[in-house]
Amino acid sequence: MSQPHESSDSHDGTAAQVPRIRPGGFRELGPFGWVVNRLGARVTGSRDVNLFATLGHARRLFPAWLAYSGMMMPFGVLDRRTTELVILRVAHLRGSAYERAHHERIGAGVDLDDDEITRTTADPATAGWPNRLRVLLTAVDELVLTKDISADTWAGLSSHLGSSELVGLVQLVAQYDGLATSLHALRVQPDRPR
């Protein structure tokens with residue numbers, strides 16, 4: 001069993017460079033977690049997917065988390081471009097460099113251009129988004145910052161999204177907000193290229 005490692009936070013709130021749980025290998029992750037990590041590493045061109053190699057320590061939870069995550073992205077109810085814009089905004093708001101780096105690459109793969117990716121770091125009200133995306137990204141801000149959506153924003157969302165998409169948006173934001181928390185609390189380090 002891997003031993004947890006303590007690390008301290010720097011003065012600005014960013015995590016120190018020591019993972020609290022070392023990324024596991026076959027023994028720690030078991031066959032399923034190890035295969036998922038190896039496949040992910042091959043796809044991303046990295047030595048390991050540190051997220052998988054860390055969360056995989058919880059062998060009973062990892063397959064369920066992976067299936068649920070897959071239903072959020074890439075198989076969610078929102079279109080792929082919108083999904084990636086939402087995830088990039090969550091990652092920015094949460095200061096999650098790990099989440100942000102992965103989804104900048106994935107976003108480019110679903111035809112987000114550099115300007116769109118960069119604009120996810122700006123206030124949605126002034127970033128020049130079409131109305132639908134402005135309202136969606138405003139809802140993301142509200143959910144991450146207040147854990148709620150105002151009545152006005154909900155009314156705007158409802159004019160663009162059906163009930164399935166509304167539920168999907170809330171679940172998507174909650175999933176990636178929670179993932180940012182896990183990445184930070186566990187001090188998951190950036191993946192290293194092969």
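Where does Pro 74 lie? In this predicted model, Pro 74 belongs to the loop that runs between helix H3 (62–72) and helix H4 (80–94). The bond joining Met 73 to Pro 74 is a cis peptide bond, with omega at about 20 degrees.

**Overall build**

The protein contains 9 helices and 0 strands. Its radius of gyration is 17 Å, close to the 16 Å that the globule rule gives for 194 residues, so the protein is as compact as a globular protein of that length. Along the principal axes, the C-alpha atoms fill a box of roughly 50 × 35 × 30 Å. Residues that count as buried make up 43% of the 194. Among contacts with a separation of 6 or more, 65% are between residues 24 or more positions apart.

The exposed surface comes to about 10300 Å², and carbon and sulfur atoms supply 59% of that area. There are 21 positive and 22 negative side chains, and the centres of these two sets lie 10 Å apart.

**Helix H8**

Which residues of helix H8 (residues 151–158) are buried? They are Thr 153, Gly 156 and Leu 157. These residues lie on the same side of H8, because the arc they cover around the axis is only 100 degrees. The general background is that an α-helix has 3.6 residues a turn, so residues three or four places apart point the same way. Ala 151 and Asp 152, on the other side of H8, are exposed. The cover over the buried residues of H8 includes helix H7 (131–146) and helix H9 (163–185).

**Two buried threonines**

Thr 54 is in helix H2 (residues 50–55), and Thr 83 is in helix H4. Thr 54 has a relative accessible area of 5% and is therefore buried. For Thr 83 the relative accessible area is 2%, so this residue is buried as well.

What does Thr 54 contact beyond its neighbours within four places in sequence? The partners are Ile 21, Pro 23, Leu 186 and Val 188. With residues up to four places away in sequence left out, Thr 83 touches Met 72, Met 73, Leu 78 and Leu 172. One of these partners, Met 73, is also the residue joined to Pro 74 by the cis peptide bond.

**Positive phi values**

Two residues other than glycine with a positive phi are set out below.

| Residue | Phi | Place | Relative accessibility |
|---|---|---|---|
| Asp 111 | about 70 degrees | loop between helix H5 (97–109) and helix H6 (114–119) | 62% |
| Arg 187 | near 60 degrees | segment after H9 | 4% |

Is Asp 111 buried or exposed? With a relative accessibility of 62%, Asp 111 counts as exposed, since exposed means over 50%. Arg 187, at 4% relative accessibility, counts as buried, since buried means under 20%. Arg 187 is placed in the segment after H9, while Asp 111 sits in the loop between H5 and H6.

**Summary of the local features**

The cis peptide bond between Met 73 and Pro 74 falls in the loop between H3 and H4. Helix H8 has Thr 153, Gly 156 and Leu 157 buried and Ala 151 and Asp 152 exposed on the other side. Positive phi values occur at Asp 111 and at Arg 187.

Definitions and conventions
Residues are numbered from 1 along each chain as its sequence is written. This is a predicted model: local features need pLDDT of at least 70, side-chain atom pairs count only at pLDDT 80 or more; totals for chains, interfaces and linings use all residues. Side-chain values use heavy atoms; hydrogens and water are left out. Buried means under 20% relative accessible area, exposed over 50%, partly exposed in between (1.4 Å probe, protein chains only). The arc is that of the directions from the helix axis to the C-beta atoms. Contact means heavy atoms within 4.5 Å. The radius of gyration is taken over C-alpha atoms; the globule rule is 2.2 Å times the number of residues to the power 0.38. Accessible areas come from the Shrake-Rupley method with a 1.4 Å probe; for residues, only the protein chains shown count as cover. Lys and Arg count as positive and Asp and Glu as negative; His and the chain ends are not counted. The place of a charge is taken as NZ of Lys, CZ of Arg, CG of Asp or CD of Glu.
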